[in-house]
Amino acid sequence: MEQPIELDLDSIKAMRSTTFNAVVECAGNGRVYYVPPREGLQWQNGAVGNAAWTGVLLREILEMAGVKRTACEVLLAGADSGVVDTNKKTASPGPIAFARSLPLEKAIADSTILAYSMNEEPLTRDHGYPLRAVVGGWFGMAWVKWITDITVVEQPFLGYWQARDYFRWERNLGEPRLVPLAEMEVKAQIARPVQGAHLIVGQPYRIFGAAWSGEAAVRQVQVCTGDGSGWREARLLETERPFAWRLWEYMWTPEEVGRYVLRCRAIDGAGCVQPDLQRSDCESYAANWIIPVEVTVVPEPKTYEEEFVI
């Protein structure tokens, strides 16, 4: 930077604010579905959420300090620090902060802000109070919490959380090479019915959930109910908002009793289609393949005693 500056929270709140809706997903969301199992917290489907974020454009703070023409990336460091993987081969070189960098073009984009409010309420401590990054379209590891320092660097940052963790393999140059995780992958999830639900034959049922992607918006969600009808178009709900998830629904009336496997898939504006199977090059991250939901269609509602066993 040409002129290093220091700002407190009140100074940042006095700047022009901006608000936008964005979905944040942990890069390990869905890790439990990997076969064979992968290391890391065994998330199912719940490590994702959507909110309205208010703060200031990171670009405007960078402009205040002056960005040199040789700038390459913007490094964000949080107040949380410690030793990682003690006594393991992957151990950090002593205590380190959680720090991640953004390419300059993403750092200055309208989709990257420093937020102090979530859903019109001050950030809670767990959500990054007093200040966190909001990086629309990117996995949650880029949304650094409890920000203390912002540094403009002239070389790609190869810190622990960029080069030792939160990465995937890429094979477009022949031999696999490490690439830091960045954009979220196109994905749709079924929220209802839940796994193992009992539905009544002949009665309409609302299958619904959410879908999201990275820099491209969700354009289509399709549902397959396993009754031989193939992929059918779901209805997208609400108004499209860049970087926010899109709720969807599909009305289904099962005509025969039995077990069914429900599946959904999303397609985004870049033409990316949610895959059927897991990929081998994503380490334990980016689990965006189709996760089926199995349900049973029964002739009539089960009684309380049949449905629950204590």
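**Exercise 1. Count the secondary structure and get a feel for the fold.**
Task: work out how many helices and strands the protein chain has, and what box its C-alpha atoms fill.

Solution. Start with the elements: this predicted model has five helices and 19 strands in the protein chain. Next, lay the chain along its principal axes, and the C-alpha atoms fill a box of roughly 70 × 45 × 45 Å. Then check how the chain comes together: take contacts between residues at least 6 apart in sequence, and 70% of them join residues at least 24 apart.

**Exercise 2. Look at the surface and the charges.**
Task: find what share of the 310 residues is buried, and how far apart the centres of the positive and negative side chains lie.

Solution. Buried residues come to 44% of the 310. On the outside, the accessible surface is about 16800 Å², with 51% of that belonging to carbon and sulfur atoms. Now the charges: there are 31 positive and 40 negative side chains, and the centres of the two sets sit 2 Å apart.

**Exercise 3. Take helix 2 apart.**
Task: list the buried residues of helix 2 (residues 58-65) and say what covers them.

Solution. Going along the helix, the buried ones are L58, E60, I61, L62 and A65. An α-helix has 3.6 residues a turn, so residues three or four places apart point the same way. That's handy to keep in mind with L58, I61, L62 and A65, which are among the buried residues here. For the cover, look at helices first: helix 1 (9-13) and helix 3 (104-107) are included. Strands join in too, among them strand 2 (48-57), strand 3 (73-82), strand 5 (112-118) and strand 8 (147-153). Finally, step just past the end of helix 2, where G66 takes a positive phi of about 85°.

**Exercise 4. Place D281.**
Task: decide whether D281 is buried or exposed, and find which residues it touches.

Solution. First locate it: D281 lies in the loop between strand 18 (258-268) and strand 19 (293-298). Its relative accessible area is 17%, and the cut-off for buried is under 20%, so D281 counts as buried. Leaving out residues up to four places away in sequence, D281 touches R168, W169 and R171. As for I12, D281 is 269 residues from it in sequence and 40 Å from it in space, C-alpha to C-alpha.

**Exercise 5. Find the cavity.**
Task: say how many cavities of 30 Å³ or more there are, and which residues line the largest cavity.

Solution. The count is one. The largest cavity holds about 40 Å³ of space. Walk round its lining and you meet E25, C26, A27, N29, F139, E185, K187, A286, A287 and N288.

Notes: Residues are numbered from 1 along each chain as its sequence is written. This is a predicted model: local features need pLDDT of at least 70, side-chain atom pairs count only at pLDDT 80 or more; totals for chains, interfaces and linings use all residues. Side-chain values use heavy atoms; hydrogens and water are left out. Helices (H or I, at least four residues) and strands (E, at least two) are DSSP runs, numbered from the N terminus. Buried means under 20% relative accessible area, exposed over 50%, partly exposed in between (1.4 Å probe, protein chains only). Contact means heavy atoms within 4.5 Å. Accessible areas come from the Shrake-Rupley method with a 1.4 Å probe; for residues, only the protein chains shown count as cover. Lys and Arg count as positive and Asp and Glu as negative; His and the chain ends are not counted. The place of a charge is taken as NZ of Lys, CZ of Arg, CG of Asp or CD of Glu. On a 1 Å grid over the protein atoms alone, a cavity is a set of points where a 1.4 Å probe fits but cannot get out, and a pocket is an open set with protein on both sides within 12 Å along at least five of seven lines; lining residues have an atom within 4 Å of a point. Grid points are joined across faces, edges and corners, and a volume is the space filled by probe spheres set on the points.
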